[in-house]
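Please walk through the model below with me. We start at the nucleic acid, then turn to the protein chains.

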There are 2 protein chains.
Amino acid sequence: MKLSTRTRYGTRALLELALHEGEGPVFLKNIAASQQISLAYLEHLIAPLIAGGIIRSVKGPKGGIALAKKPGDIKLIEITQLLEGSLAPVECVDHPEVCKRSSKCVTRDIWSELKTAMDGVLSTTTLQDLAEKQKNRGLPESSMYYI
Amino acid sequence: MKLSTRTRYGTRALLELALHEGEGPVFLKNIAASQQISLAYLEHLIAPLIAGGIIRSVKGPKGGIALAKKPGDIKLIEITQLLEGSLAPVECVDHPEVCKRSSKCVTRDIWSELKTAMDGVLSTTTLQDLAEKQKNRGLPESSMYYI
DNA sequence: ACAATGTTGACTAAATAAGTAAACAATCCC
DNA sequence: GGGATTGTTTACTTATTTAGTCAACATTGT
């Protein structure tokens with residue numbers, strides 16, 4: 001029941017963008033350095049985020065990526081949906097037809113409740129919430145590369 | 001973010017025991033048949049449940065397994081803890097020391113909230129809750145082998 | 001033109017989960 | 001006591017997914 005590194009890294013990368021909101025595109029290289037993610041791996045995470053309309057990218061020198069929406073308009077569940085897919089702990093929660101037991105299965109009800117509980121948390125938190133909390137708490141040292 | 005089959009199968013097996021509560025030990029063979037689990041695989045799931053004090057076993061003819069406690073005293077979180085381990089979506093939630101960022105990491109807070117939300121669901125539901133719900137809903141056909 | 005950047009696809013490696021098979025141990029029943 | 005029946009444990013295999021790397025490619029500013 002672990003979250004993939006895709007989601008963890010991707011969320012941190014987006015938080016980094018939120019912290020730099022308004023400063024124009026940020027280099028992937030810098031995000032990778034400040035969040036301690038392999039650049040080659042980070043490159044793979046941005047494609048679905050672009051496709052999902054969460055970030056925009058600029059190629060060439062002075063390029064980089066930036067948030068495509070206001071941080072307050074980006075719910076965390078959008079991120080997990082794009083990088084992780086549904087949070088359903090079992091397939092039958094989203095697709096009852098994969099198991100003939102679904103209609104009478106009470107364990108399925110519980111797994112469904114788990115999903116609902118998680119969705120609740122991630123639907124009520126935005127990137128802005130995270131960014132503000134981070135600013136109050138003090139930026140991690142590694143995020144200060146831009147000084 | 002999927003639940004292992006260990007947990008899914010194990011929970012169904014225990015539900016089966018709860019449905020047969022008071023009838024003495026149930027054959028693994030019958031549990032496997034009624035819940036459509038490979039017997040050889042089911043055998044692997046019972047060891048941790050015995051060690052965890054949730055079920056007891058009887059060897060030899062007329063043997064089988066049965067709940068070691070009343071269904072109402074077995075919370076689902078005990079089962080997931082034994083078969084799945086902690087529901088922490090990331091390692092650092094349970095063990096902050098694995099990452100130096102932990103103290104200032106706001107994404108960690110969110111993953112921690114996810115765990116709390118899940119734990120809440122599984123701490124407030126017992127095997128008896130499941131069994132009663134199942135009885136009201138009608139037993140799945142496959143559970144009627146004992147007729 | 002060239003250097004700096006993001007984009008994409010192919011590939012490898014590692015870890016974990018899932019499942020199978022077989023030897024073993026205990027117990028009941030006759 | 002012997003044999004059938006059942007749970008217990010160990011070892012092994014296979015499949016799947018995740019994580020990560022590498023290299024070619026495309027775009028753009030200077």
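The surface near DNA strand D has 10 nonpolar, 10 polar and 6 charged residues by class. This is a predicted model. Of the 26 residues around strand D, five come nearest: A:Ser4, A:Thr5, A:Ser38, A:Gly60 and B:Ser57. Both protein chains supply elements here. From chain A, α1 and α3 (39-51) each give at least two residues to the surface near DNA strand D. From chain B, α2 (28-35), α3 (39-51) and β2 (64-67) each do so too. The top contributor is α3(B), with 5 residues.

Now follow α1 of chain A away from the DNA. Helix α1 (residues 5-19) of chain A meets helix α4 (residues 76-83) of chain A, their axes coming within 9 Å. The axes cross at roughly 135 degrees. An angle over 145 would count as roughly antiparallel, and 65 to 115 as roughly perpendicular. The crossing falls in neither range, so α1(A) is oblique to α4(A). The crossing is right-handed.

Which residues make this contact between α1(A) and α4(A)? On the α1(A) side they are A:Arg6, A:Thr7, A:Gly10, A:Thr11 and A:Leu14. On the α4(A) side they are A:Leu76, A:Ile79, A:Thr80 and A:Leu83. By class, the contact holds 4 nonpolar, 4 polar and 1 charged residue.

Next, helix α7 (residues 127-137) of chain A, where A:Ala131 sits. Is A:Ala131 buried or exposed? A residue needs 20 or more other C-beta atoms within 10 Å to be buried. A:Ala131 has 21 such neighbours, so A:Ala131 counts as buried. Leaving aside residues up to four places away in sequence, A:Ala131 touches A:Leu15, A:Ala18, A:Leu19 and A:Pro71. A:Arg101 is another matter. A:Arg101 lies 30 residues from A:Ala131 along the chain, and their C-alpha atoms are separated by 44 Å.

Last comes the interface of the two protein chains. There, 31 residues of chain B are in contact with 31 residues of chain A. On the chain B side, α1 (5-19), α6 (106-123) and α7 (127-137) are the elements that give two or more residues. Helix α6(B) gives the most to this side, with 10 residues. The side of chain B that touches chain A divides into 16 nonpolar, 6 polar and 9 charged residues.

Key. Residues are numbered from 1 along each chain as its sequence is written. Chains are lettered from A and ligands numbered from 1 in the order in which they are written. This is a predicted model: local features need pLDDT of at least 70, side-chain atom pairs count only at pLDDT 80 or more; totals for chains, interfaces and linings use all residues. Axes are lines fitted to C-alpha atoms, for helices over the stretch in contact, and angles run from 0 to 180 degrees between N-to-C directions. Helices (H or I, at least four residues) and strands (E, at least two) are DSSP runs, numbered from the N terminus. Angles under 35 degrees count as roughly parallel, over 145 as roughly antiparallel, 65 to 115 as roughly perpendicular and the rest as oblique. A crossing is left-handed if the near helix is turned anticlockwise from the far one by less than a right angle, and right-handed if clockwise. Two residues are in contact if their C-beta atoms, placed from the backbone, lie within 7 Å. Ala, Val, Leu, Ile, Met, Phe, Trp, Tyr, Cys and Pro count as nonpolar, Asp, Glu, Lys and Arg as charged, and the others, Gly among them, as polar. A residue is near a molecule or strand if its C-beta atom, placed from the backbone, lies within 6 Å of it. A residue is buried if 20 or more other C-beta atoms lie within 10 Å of its own, exposed if 12 or fewer, and partly exposed in between; C-beta atoms are placed from the backbone.
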